[in-house]
There are 4 protein chains.
Amino acid sequence: MIVAMQDHATDEQIQQVIERMVELGFNVHRTTGETQTILAGVGTPGQFEITEFQVLSGVHNAYRISSQYKLAGRGFRPEGTRIKFANGLVVGGDEIVVMAGPCSVESRDQIRLSAQQVAAAGCQFLRGGAFKPRSSPYSFQGMGVEGLKIMREAADEYGLLVITEVMEISQIEPMLEYIDCFQVGARNMQNFNLLRELGHVRKPVCLKRGIAATIEEVLLSAEYILSGGNYDLMLCERGIRTFETYTRNTMDVSAIPVLKKLSHLPVVADPSHGVGKRDLVPPMALASVAAGADGLLMEMHPNPDKAMSDGAQSLYPEQLKELLAKLRQLAPVVDRSIAPAVAQVHA
Amino acid sequence: MIVAMQDHATDEQIQQVIERMVELGFNVHRTTGETQTILAGVGTPGQFEITEFQVLSGVHNAYRISSQYKLAGRGFRPEGTRIKFANGLVVGGDEIVVMAGPCSVESRDQIRLSAQQVAAAGCQFLRGGAFKPRSSPYSFQGMGVEGLKIMREAADEYGLLVITEVMEISQIEPMLEYIDCFQVGARNMQNFNLLRELGHVRKPVCLKRGIAATIEEVLLSAEYILSGGNYDLMLCERGIRTFETYTRNTMDVSAIPVLKKLSHLPVVADPSHGVGKRDLVPPMALASVAAGADGLLMEMHPNPDKAMSDGAQSLYPEQLKELLAKLRQLAPVVDRSIAPAVAQVHA
Amino acid sequence: MIVAMQDHATDEQIQQVIERMVELGFNVHRTTGETQTILAGVGTPGQFEITEFQVLSGVHNAYRISSQYKLAGRGFRPEGTRIKFANGLVVGGDEIVVMAGPCSVESRDQIRLSAQQVAAAGCQFLRGGAFKPRSSPYSFQGMGVEGLKIMREAADEYGLLVITEVMEISQIEPMLEYIDCFQVGARNMQNFNLLRELGHVRKPVCLKRGIAATIEEVLLSAEYILSGGNYDLMLCERGIRTFETYTRNTMDVSAIPVLKKLSHLPVVADPSHGVGKRDLVPPMALASVAAGADGLLMEMHPNPDKAMSDGAQSLYPEQLKELLAKLRQLAPVVDRSIAPAVAQVHA
Amino acid sequence: MIVAMQDHATDEQIQQVIERMVELGFNVHRTTGETQTILAGVGTPGQFEITEFQVLSGVHNAYRISSQYKLAGRGFRPEGTRIKFANGLVVGGDEIVVMAGPCSVESRDQIRLSAQQVAAAGCQFLRGGAFKPRSSPYSFQGMGVEGLKIMREAADEYGLLVITEVMEISQIEPMLEYIDCFQVGARNMQNFNLLRELGHVRKPVCLKRGIAATIEEVLLSAEYILSGGNYDLMLCERGIRTFETYTRNTMDVSAIPVLKKLSHLPVVADPSHGVGKRDLVPPMALASVAAGADGLLMEMHPNPDKAMSDGAQSLYPEQLKELLAKLRQLAPVVDRSIAPAVAQVHA
């Protein structure tokens, strides 16, 4: 860490800062300029808050120079993480994966039809919410475990993997047997108890960025899961909240190459939540892949106009199909390919 | 709800919108202008998403004209909610309450000293975190139930009430016997399962605004608790995330009069998290009360320079005392008074 | 416009709103529900502020249902605007254009070398600032008219068009003879006097989105230029200000398809200012084109490490060349092509 | 400045950074830790961009440790700036000033009546816009110089000072004879040419914070004016743009104490633009003064319901009067008083 003292800070003030740094376990190097003193702390001290130093008397500013995340940093695994699923599919390699399906599990028929359409378009994962976080208590809250069973059945029939959202610790156990990948929603990105538990699970996790989370905070949340021993983790950009209201959120496409640079974890993009309007999803899906995404997570509904939630941002089946065709053309431009349909992975 | 069609929308498009409105239970009134048709839906239909209409063919825009919250709205209780605590103290009346204490419960001695100082300054509540949500997994995570016991003891000794944060459903039960008020932190404002459970509890709750939550979303989250039957709810403004980095967050002081206008619930302010730097806390505490706050929630530590968390934003005991003196002068300007120390409430 | 009255608004309140609407020139249609009255105003009244109605007594909310921009709207020219430059190059057609060059004009040699490299990479425009808006008064402020001459010379030598920023009305006249396209910077997006003057000029303009401007405000600013009679206008997304600090701004890639949908004007993207770091520029340039951009505006410097401004976000010449190669592969995926080098346009 | 190298950066990388620092005029001190090297640059070099270092090979991060503003910093004038107006009124001293009036100058009668009401309430300044920046080209654009004359006449009749907005350089000269204080609007906070010219004027200036401007950027803009030699400068907080849409902007009340701490310049607050709704103006005016503001700038209209602009946020004359009464009670709480009406200053 570094502390830049104010011009003409007193010896006593400087001494107080040095003592606190030493107390935390830093070796302190002092640089004395004409008017300003700079203190550099090196070593590997315990946890501290940099703001503590910023408000000390005589301090101009203080900077933390080492990342707070270690396991999530690119340096930990320079070659990048590849998550291998039961059926052999790999996320984080050369192939780009596509996860699609309705916002909510509404019925067996709806999910069966969705799975058929998702598979036909050439996707690898069926997504769908069995437990739904809704901002109004009067909205549809999901089918629960019954919804998980329906998803599993449909996915198996069409050779798909299942990804679905986990909202709290008590849901982890019952979900384990039905799903292939846990999804942590944006609202839970800093539900640290949940993250910690997911660190002890042996099942891949997809962690979505919170709508007000900085890139650094995403990586700190990832650290919670990694530090529990679960390294099968991918991150997901899905839009942040800004002043712009035309779109549901503002999709931070640049977070994709930034996360790929700072971390070894695969990064997928969710343009459906990023923009919130169906016709903007295909261009943003293409943009995400052009920017380096390892995968896409999108909402598609057999009949979006009748969807129980998020209908406005759900693709029509035909749109998904056309998008996949475009993605297959795009992937080689960024030296990638679209993963084959899961059935083919099996074969 | 209202749907404004695009200029020259076709009859077929208009008909499709009308059918969907009727299907949801609306009575539809149609206004035909020279170039534009407007459809007004009246009645009390079930849940729907306004975006669903915004993406229908031929629609210019669609507006929801009734609030999604009912119980949280000012109209539900025009006279305002008053929360009565076991010792007779009322939040939401003419008196302004002050809650203070350290960020984290660190030890019995630290809490006992805090309680003494908080009471001596004239506050009514002891705050302190036993369970700590920390953005880094390597930071101090709190003392847990042991911390709750310590708080209860100290609070009782000095005639204070206890407010502390609940982070997940499993903590509710063990907390019940030790505390007087649950606090839901900003990160959990949309942890809907937790909110729902707190709706079934018979103990006051203080719900903090999320750092990216709109005022309407705060009220929708409040609705979760109220709809469970727990009406002893207060809201808390504690800063939102903006582009400004000098302060930890940007405290939205205007949210105080807005929430008081839109809702009947008491509103308190947390300037410590709002600004994140000790010397800005007193002016922002005064500003909050000037703007109409029913109470203040602030961090104070017997020795902030050695605090295990949030030391930079914790007041020195002496500062808290001086602030209370100022608040006693300020309250009459807005036709209020500062609540007497709890010991006096008892007497 | 539409006014939704509060439940149980009085007849007097309703009457007051109707009178004000009629006064503004609206025909008012009234819908009376069980508890709520809705007033729809149709017709083409003069200017008014919707907030005026929002604060009238008894009003729940009021909505403006027609856009405030007319000439900028897609409906005004459904087929899209194509800007034709003197040398025959068209912006807004099937071909994507690339504009590149240093942030500041620093010397004749630097610009000549830049132009050579920009042309060699296959770009069509040379960009560079002669008048520089700098947030610190102590920073380099640009070479002025001398810089314009240098740009013109170099561009002519290598068959390029010149685009450069105009900062105030007095600069328009002297710039006319040296440049091919005016650029209005983000800080001047709402300098309405400047916009009005540019509406009277017969030279293309590229209007950049302000860092805090909504998409609707971009289109209103465009309206200033269009309403003066200058239809050779393109818009530019270059990043908005958000809470994220890793990147200089957050590039709102979704604004590209949104602007293309709402307006007939060509849309270009400036990933250099959008992200502020060189290595993020190529992925964001690709993302922008994948999302539908009609062109790119980027900073390149012959020696970025010695640049007098924006060196950190300036591409190395080699990077620009590689990027153009990728763009040529990408364009067909979105049914476009990269415009030929200007020299070829001439031929 | 400080550069923290990446762990295990090579000697060559470190050497390259040192060379660039020396080239800029820094004396470089090197601290070598177990894995990380830190370079501290001391001295007073010329202008440079810290991002230039952030993207150099092997650099973890780089920090600028001295402010870019010198004249605007508190250290330049620790005792604080007091601006003395022709009639003896001082801004920045113990007394708090109030500036009020309509958004736009609409007619002689409207302004005369406004001046009478503003004076009667006990304010010291008449505000009003003669040149209006409007986001739509079809909105009312102001009365121009004729409006200035009207303001001067009315202000003189009621013993008030005149503050009004300057939008471009060409307006400075004609305004000089009619006004007492220039106001630079939020949209022009980074119109550096305008700021520079105002630095050469001998007339006080009130500089408003831009809606997306950080506190540091406000001070850098102030530096433009100060460095021209005009020290009669006050700053104005008037709300920033955030995701919250209930209020027009989010008023950053904490910017008031922050600016007072970082700078010696007086700070006034404009709650009218900060919130955009009349009934929120009084609580936010009180909050601003409680937080330390040296003055208030507010919109009042004799008949807000008929105002040509900003009617929704303009106070009724009666509200202004009541607010002044409250402010007189509040000022002593923060050891201030409200300035006497200007007529009394004269006497």
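The following questions and answers examine some helix, sheet and chain contacts in this predicted model.

Q: Why are α7(A) and α8(A) called oblique to each other?
A: The axes of α7(A), residues 215–226, and α8(A), residues 255–262, come within 11 Å and cross at roughly 50 degrees. Angles under 35 degrees count as roughly parallel and those of 65 to 115 as roughly perpendicular, and the crossing at roughly 50 degrees falls in neither range, so the two helices are oblique. The crossing of α7(A) and α8(A) is, in addition, right-handed.

Q: What makes the residues of the contact of α7(A) with α8(A) nonpolar, polar or charged?
A: On the side of α7(A), the residues are I215(A), V218(A) and L219(A), and these meet A255(A), V258(A), L259(A) and L262(A) in α8(A). Ala, Val, Leu and Ile are among the residue types that count as nonpolar, and the contact therefore divides into 7 nonpolar, no polar and no charged residues.

Q: How do you know which strands are the edge strands of the open sheet of chain A?
A: The sheet has 4 strands in the order β2-β3-β1-β4, with antiparallel pairing. An edge strand here pairs on one side only, and this holds for β2 (27–32) and β4 (59–63) of chain A. Neighbouring strands of this sheet are turned by 15 degrees against each other on average, with direction ignored.

Q: Why do β1 and β4 of chain A count as a pair?
A: Two strands pair if at least two bridges are found between them, and β1(A), residues 2–5, is joined to β4(A) over 4 bridges in the antiparallel sense, so the criterion is met. One of the residues concerned is I2(A), whose bridge partner in β4(A) is Y63(A).

Q: Which helix lies across these strands, and at what angle does that helix run to β3(A)?
A: Helix α1(A), residues 11–24, lies across β1, β2, β3 (37–42) and β4 of chain A, and runs at about 10 degrees to β3(A).

Q: What makes up the contact of chain B with chain D?
A: Each chain contributes 37 residues, and about 2,900 Å² is buried between the two, 69% of it on carbon and sulfur atoms. In chain B, F243(B), Y246(B) and V333(B) lose the most area to chain D, together 21% of what that side buries.

Q: What makes up the contact of chain B with chain A?
A: Here 49 residues of chain B are in contact with 50 residues of chain A, and about 4,000 Å² is buried, 48% of it on carbon and sulfur atoms. E49(B), Y138(B) and R241(B) supply 14% of the area that chain B buries against chain A, more than any other three residues.

Notes:
Residues numbered from 1 in each chain as written. Chains lettered and ligands numbered in written order. Predicted model: local features only at pLDDT ≥ 70, side-chain atom pairs only at ≥ 80, totals over all residues. Heavy atoms only, no water. Axes fitted to C-alpha atoms, helices over the stretch in contact; angles between N-to-C directions. Parallel < 35°, antiparallel > 145°, perpendicular 65-115°, else oblique. Left-handed = near helix turned anticlockwise from the far one by under 90°. Contact = heavy atoms within 4.5 Å. Buried area = accessible area lost by both parts, 1.4 Å probe.
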